Amino acid sequence: MALDQETLNQLLDTVGRFVRDRLVPLEHQVAEDDAIPPHIVAEMRDLGLFGLSIPEEYGGLGLSMAEEVQVAFALGQTSPAFRSLIGTNNGIGSQGLVIDGTEAQKRHYLPKLAAGEMISAFALTEPEAGSDAGSLRTSARREGDHYVLNGTKRFITNAPHAGLFTVFARTDPASRDAKGVTAFLVEAGTPGVSVGPVDRKMGQKGSHTADVVFQDARVPAANILGGREGQGFRTAMKVLDRGRLHIGAVCVGVAERLIRDSLAYALDRQQFGQPIAEFQLVQAMLADSRTEAYAARCMVLETARQRDAGHDVGTEAACTKLFCSEMVGRVADRAVQIHGGAGYMAEYGVERFYRDVRLFRIYEGTSQIQQLVIARNMIRDAKSGR
Ligand SMILES: Cc1cc2nc3c(=O)[nH]c(=O)nc-3n(C[C@H](O)[C@H](O)[C@H](O)COP(=O)(O)OP(=O)(O)OC[C@H]3O[C@@H](n4cnc5c(N)ncnc54)[C@H](O)[C@@H]3O)c2cc1C
C-alpha cells in the first residue's frame, strides 16, 4: 500500500538520519571487524527496515516499489554491508513468499521476517550453475509426504545468519532445464542442512556469504513454495525483477555519497595554489559522475513507477540494473582518482567503496546476463509486433 506523502517523508527523514548519525560513523569498524554490531541490528529492527517490502497485513511496512527505492537511495549512502543484512528479508529472501507463497506459508514466515526475528536467504547458485541457474543440480526426491534434498549452494548471502532458506532444487530428475525446478522453504537446523565457513571476499565486509550443503535433508512437501512442483524458476525470475530495481537504487545512493565526498575533497585539497575543484579536468570527472548518477536515479524512479502501475518491467528492470551497477563502478573509479593517493589509502574509505561496489555488476545477474535479457526481450517484442 502506498503511504501518504507526509508519512513517506517522515520515514525517509528517519532513515536518512539513522544512516548519517548511526551507520556512517561505524563504516570503518564494520569493515575491520567484518561484523555489524548487534545493537545496530536491533536498531534496524526497531525502524522496521527488515519489513520494508513485506505487506502490512504480515507485519511489514508494505512499501510500493517507488517508495522502497527511495529508502534504498537513503540506505545506499553508507557501506553496502548494512543494506545487505536487511536486503535478503526485503528482496530475494522474502519476495518469493510474498509473490507466490500460499496463505499458510505467508502467515507462518512473513511476520518473523518483517520483524527481523528471522533472517532469510535465497539459495539458487551452485558450484556448477551460476548465470545458467536453470541447469542447477541440487535434487529433491519425493518420499511420502517429504522431499529429500541433496546438493550444494554457493555464495549464499546471509547464509551464516539465516533461519530460513528458499532453496531451488530439481524435482524432475529427467529434466535438464528450468522447468524441472521447484522452490522449497527450508528452515536452518533441519537435519542434513549445514552452512560452510564464511567466504573471504573482496569487499562488503560485514556482510557474509557461505555455501549451504544439503545431505539427505528431509523437507515436508507442505514447504514447496506456492504448493506446486515445477514453478520454482518462474518464482525466482519474478523475485529478481524486483531485486534488480532495489539494487539499482542502492547503486544510485552509493554513487551520490561518493560524489558528495569527492566534491568536498576537491574543494578542500589545494595544489598549484588553488583547490583542485578549480581544475577543469577534475570538474569533468565530477560532472560526468553527477550526470550519470542523475540518469540512473531517473531510470530507477520511472521503472519503479511503471512496476507499481502494473506494467511488465522485465526489460526496464534489466536496463536499470545494468546501467546503475556499471555507473557506480565508474563513479567509484573517478572518486579514487579525485582523491589521488589518498583515494588508494584505507583511511579515507574511498578504496573500500571501490571494492564494495564491484559486486553490483556480478550478483542478481551479471551485466552480461542483463544484456542478454534486454536483447532477448527486444527480439521477442519485435517478433510479436509489440
Ligand atoms: C558476494 C556474493 C553474494 C551472492 N549472493 C547470492 C545469493 O544470496 N544467492 C544466490 O543464489 N547467489 C548469490 N550469489 C551468486 C551470484 O548470483 C553469481 O555469482 C552470479 O549469478 C554469477 O554466476 P557465477 O559466479 O557462477 O559466474 P558465471 O555464470 O560462471 O559467469 C562467469 C562470467 O561469464 C559470463 N557469462 C556467463 N554466461 C554467459 C552468457 N550466456 N553470455 C555472456 N556471458 C556469460 C558472466 O557474465 C561472467 O562474466 C552471490 C555472489 C556473490 C559474489
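Start at the ligand and select S131: an N or O atom in the side chain of S131 sits 2.6 Å from an oxygen atom of the ligand. Keep in mind as you click around that this is a predicted model.

Now add T366, where a polar side-chain atom is 2.7 Å from an oxygen atom of the ligand. Then pick F122, and look at the backbone this time: one of its polar backbone atoms is 2.7 Å from a nitrogen atom of the ligand. Want the whole surroundings? The ligand has 18 residues around it, and the closest are F122, T125, S131, T366 and Q368.

Next stop: select 314-339 (helix 10) and 367-383 (helix 13). These two pack at about 150°, with axes 9 Å apart. Helix 10 and helix 13 are therefore roughly antiparallel, and their crossing is left-handed. To see what touches what, show side chains on the helix 10 face, including A318, L322 and E326, and on helix 13, where the partners include Q370, I374 and R380. By class, that contact has 5 nonpolar, 7 polar and 3 charged residues.

Last stop: select 232-268 (helix 8) and 280-308 (helix 9). Their axes are 9 Å apart and the packing angle is about 155°, which means helix 8 is roughly antiparallel to helix 9. The crossing here is left-handed. Light up the contact residues: among them are L245, V252, I259 and L263 of helix 8, with L286, A293, R297 and V300 from helix 9. Colour this contact by class and you'll get 13 nonpolar, 4 polar and 5 charged residues.

Terms used: Residues numbered from 1 in each chain as written. Predicted model: local features only at pLDDT ≥ 70, side-chain atom pairs only at ≥ 80, totals over all residues. Heavy atoms only, no water. Axes fitted to C-alpha atoms, helices over the stretch in contact; angles between N-to-C directions. Helix = DSSP H or I, 4+ residues; strand = E, 2+ residues; numbered from the N terminus. Parallel < 35°, antiparallel > 145°, perpendicular 65-115°, else oblique. Left-handed = near helix turned anticlockwise from the far one by under 90°. Contact = heavy atoms within 4.5 Å. Nonpolar A, V, L, I, M, F, W, Y, C, P; charged D, E, K, R; others polar. Near = heavy atom within 4 Å. Polar contact = N/O pair within 3.5 Å; in protein donor to acceptor, adjacent residues only side chain to side chain.
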